[in-house]
Amino acid sequence: LPDVEGALKEIEYSFDVLGADGVVLMTNFDDKWLGDPLFAPVFDELERRKAVVYTHPTTPNCCNNLVPGVGVSSLEYNHDTTRTIASLVFGEGRTALRFPDIKFIWSHSGGTLLFLTSRMEVVARGKNAEAQRAGKQPDFPNGAGPIFQRFFYEVAQGNTPGMLAGLFHMVPVSQVMFGSDYPYRPAQEAVDGLAAYKIAPADLQAIESGNALKMFP
């Protein structure tokens, strides 16, 4: 992406010839987030294949070096993950709702989504009101929470006590996966963060390997 035709050819080759289970996407391509209608044919094909889509954030053109001395990966990466989740859920195409069989894995415990869930619920209520005024069924009858709970989240740079508390409050353990960001961060950081949180042994095993083995048997 953003070459849609090229991406479709690569999906066909990767899955049918190489036997891939999924794809990796960045959070935006040329300032188009994943819910942009341009990418709908790609997600239509990934849905048909019930693919795994792992995402990693990148810097949008709008927001490079906003805070001098603080790297963009320290701020904008997490914000951009939230931007692209919002575009998939609330964008015109409602991509996340239309394609429920795609297994999205979000980096860094979902970026800043954990801390913006109340605002996302306000957006969901607004979208429902718009639908009702237009005489349509609301897209979010139970709010945005059930959509976020379908996604998977890995804990690289998302493993401090506050972040883990928010993550486990938002989703069940079955949606949480180990991640380290190695070699950019030491893997021990994620190991220590999970250990310090005093997770039950069975839940810890699920996060460290069991949930991934279910997804990639």
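**A parallel sheet, a ring cluster and a pocket**

Strand E5 (residues 103-106) pairs with E4 in the parallel sense, and three bridges hold the match. Within this pairing, Tyr54 has Ile105 of E5 as its bridge partner. The model described here is a predicted one, so a word on which features are treated is in order: local features are reported where pLDDT is at least 70.

The E4 and E5 pair belongs to an open sheet of five strands, ordered E1-E4-E5-E6-E7 with parallel pairing. The edges are taken by E1 and strand E7 (176-177), each of which has a single partner strand, so one side of each lacks a neighbour in the sheet. At the E1 end, strand E1 (residues 22-26) runs parallel to strand E4 (residues 52-56), and five bridges join the two. Here Val23 finds its bridge partner in Val53 of E4. Moving along the sheet from E5, strand E6 (residues 152-154) is joined to E5 by two bridges, again in the parallel sense. In that pairing, Tyr153 of E6 stands opposite Trp106.

Strand E5 also brings the reader to the aromatic side chains. Seven aromatic pairs are counted in the model. In one of them, the ring centres of Phe43 and Phe104 lie 6.0 Å apart with the planes at 45 degrees, so this pair is tilted. The contact bridges distant parts of the chain, since Phe43 sits in helix H2 (residues 40-48) and Phe104 in strand E5, 61 residues apart. Both Phe43 and Phe104 are buried. Phe104 has a further ring partner in Trp106: the centres are 5.5 Å apart and the planes meet at 5 degrees, so the pair counts as stacked, the cut-off for this being under 30 degrees. Trp106, like Phe104, is buried. Ring pairs draw Phe43, Phe104, Trp106 and Phe151 together into a cluster. Trp106 thus appears twice in this account, as a member of the ring cluster and as the residue opposite Tyr153 in E6.

Attention now turns to the cysteines. The model holds one disulfide, formed by Cys62 and Cys63, whose sulfur atoms are 2.3 Å apart. The link between Cys62 and Cys63 is left-handed, with -85 degrees about the S-S bond. The two partners fall into separate exposure classes: Cys62 has a relative accessible area of 48% and is therefore partly exposed, as it does not pass the 50% needed for exposed. Cys63, at 9% relative accessibility, counts as buried because the value is under 20%.

Finally, the surface of the model was examined for pockets. The largest pocket has a volume of about 190 Å³. Its lining is made up of His56, Ser73, Ser74, Tyr77, Asn78, His108, Gln157, Met163, Asp181 and Arg185. Helix H3 (residues 72-90) contributes the most to this lining, with four residues. By residue class, the lining of the largest pocket comprises six polar, two charged and two nonpolar residues. Strand E4 has a place in the picture too, as His56 is one of the lining residues and E4 spans residues 52-56.

Technical notes. Residues are numbered from 1 along each chain as its sequence is written. This is a predicted model: local features need pLDDT of at least 70, side-chain atom pairs count only at pLDDT 80 or more; totals for chains, interfaces and linings use all residues. Side-chain values use heavy atoms; hydrogens and water are left out. A disulfide is a pair of cysteine sulfur atoms within 2.5 Å. Buried means under 20% relative accessible area, exposed over 50%, partly exposed in between (1.4 Å probe, protein chains only). Two strands pair if DSSP finds at least two bridges between them. On a 1 Å grid over the protein atoms alone, a cavity is a set of points where a 1.4 Å probe fits but cannot get out, and a pocket is an open set with protein on both sides within 12 Å along at least five of seven lines; lining residues have an atom within 4 Å of a point. Grid points are joined across faces, edges and corners, and a volume is the space filled by probe spheres set on the points. Ala, Val, Leu, Ile, Met, Phe, Trp, Tyr, Cys and Pro count as nonpolar, Asp, Glu, Lys and Arg as charged, and the others, Gly among them, as polar. Rings of Phe, Tyr and Trp (its six-membered ring) pair if their centres lie within 6.5 Å; planes under 30 degrees apart count as stacked, over 60 as edge-to-face and the rest as tilted.
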